[in-house]
Amino acid sequence: MKFWKDFGGNELYLLLMVAAAYLVYFLLIRRPDRLAKQIRVLSLLWGMAIGILYDFTIGGGRTDFYKINDLNNYEVTDILYYILFAPFGYFFFYLYEKLNISNKTFLVYVLVWAFFGVFFQWVLTAADIITLQKGYKLIHSFPIFLLTQTLTGVYIQVLKSKESLTAAE
């Protein structure tokens, strides 16, 4: 693992995105309608685990459909990229609960998040944080986001059936 090839705009954008995402996260967890602590931890771990899982499957190895930052090898600033996924896991869980997503609105919620995922990947690509390669296109990510958001929604439903997701005041 290298430190970084050269600290440039992509690393700076990544730092700003991480700071902005965690600022929103910390503002949300201060609200009285925040998620319960154990659900918050699960959502953060879920978000980061999904990001790392996809990076190690389609972003590396034999497929290697994209590189993060400047190198195809891992560099220290790639950790910032993985950390960025965690608050988005929380946002998905938080909005799911706050918008009272039901069986009727589930499909719309998942579709919106799948489109948001592709849009955010486009932002990361425009900022040179992600470089697509080997013929991989942004549209290829849509079914991946769709599957991921659907599984996440099912996971939330399982959690909801077992306990309340919001913190008691």
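## Working through a predicted fold

Lysine 37 is found in helix H2, residues 37–57 (helices are DSSP runs of H or I of at least four residues, strands are E runs of at least two, and both are numbered from the N terminus). Before you start: this is a predicted model, where local features need pLDDT of at least 70, side-chain atom pairs count only at pLDDT 80 or more, and totals for chains, interfaces and linings use all residues. Residues are numbered from 1 along each chain as its sequence is written, and side-chain values use heavy atoms, with hydrogens and water left out.

**Exercise 1. Decide whether lysine 37 is buried or exposed, and find how far it sits from tyrosine 82 in space.**

Step 1: Get the cut-offs straight. Buried means under 20% relative accessible area, exposed means over 50%, and partly exposed is in between (1.4 Å probe, protein chains only).

Step 2: Lysine 37 has a relative accessible area of 59%, so it's exposed.

Step 3: Now the distance. Lysine 37 and tyrosine 82 are 45 residues apart in sequence, and C-alpha to C-alpha they are 21 Å apart in space.

**Exercise 2. Work out whether the length of H3 agrees with its number of residues, and describe what comes just before and just after the helix.**

Step 1: The expected span of a helix is 1.5 Å times one less than its number of residues. For the 21 residues of H3 that gives 30 Å, and the end C-alpha atoms are 32 Å apart, which agrees.

Step 2: Check the surroundings of H3. Of its 21 residues, 16 are buried, so the helix is largely enclosed by the rest of the structure.

Step 3: Look at the loop between strand S1 (66–68) and helix H3 (78–98), where you'll find threonine 77. Threonine 77 is buried, at a relative accessible area of 4%. Its side chain makes a polar contact with the side chain of asparagine 69, at 3.3 Å (a polar contact is a pair of N or O atoms within 3.5 Å; within protein, one must be able to donate a hydrogen and the other to accept it, and residues adjacent in sequence count only if both atoms are side-chain atoms).

Step 4: Just after H3, asparagine 100 takes a positive phi of about 50 degrees.

**Exercise 3. Classify two of the aromatic pairs in the structure.**

Step 1: Rings of Phe, Tyr and Trp (its six-membered ring) pair if their centres lie within 6.5 Å; planes under 30 degrees apart count as stacked, over 60 as edge-to-face and the rest as tilted. The structure holds 24 aromatic pairs.

Step 2: Tyrosine 22 and tyrosine 25 have ring centres 6.2 Å apart and planes at 75 degrees, so this pair is edge-to-face. Both tyrosines lie in helix H1 (residues 9–29), three residues apart, about one turn of the helix. Both are buried, too.

Step 3: Phenylalanine 116 and phenylalanine 120 pair up as well, and theirs is stacked: 6.0 Å centre to centre, with 25 degrees between the planes. They are four residues apart in helix H4 (residues 106–126), so about one helical turn separates them. An α-helix has 3.6 residues a turn, so residues three or four places apart point the same way.

Step 4: Compare their exposure. Phenylalanine 116 is partly exposed at 31% relative accessible area, while phenylalanine 120 is buried at 18%.
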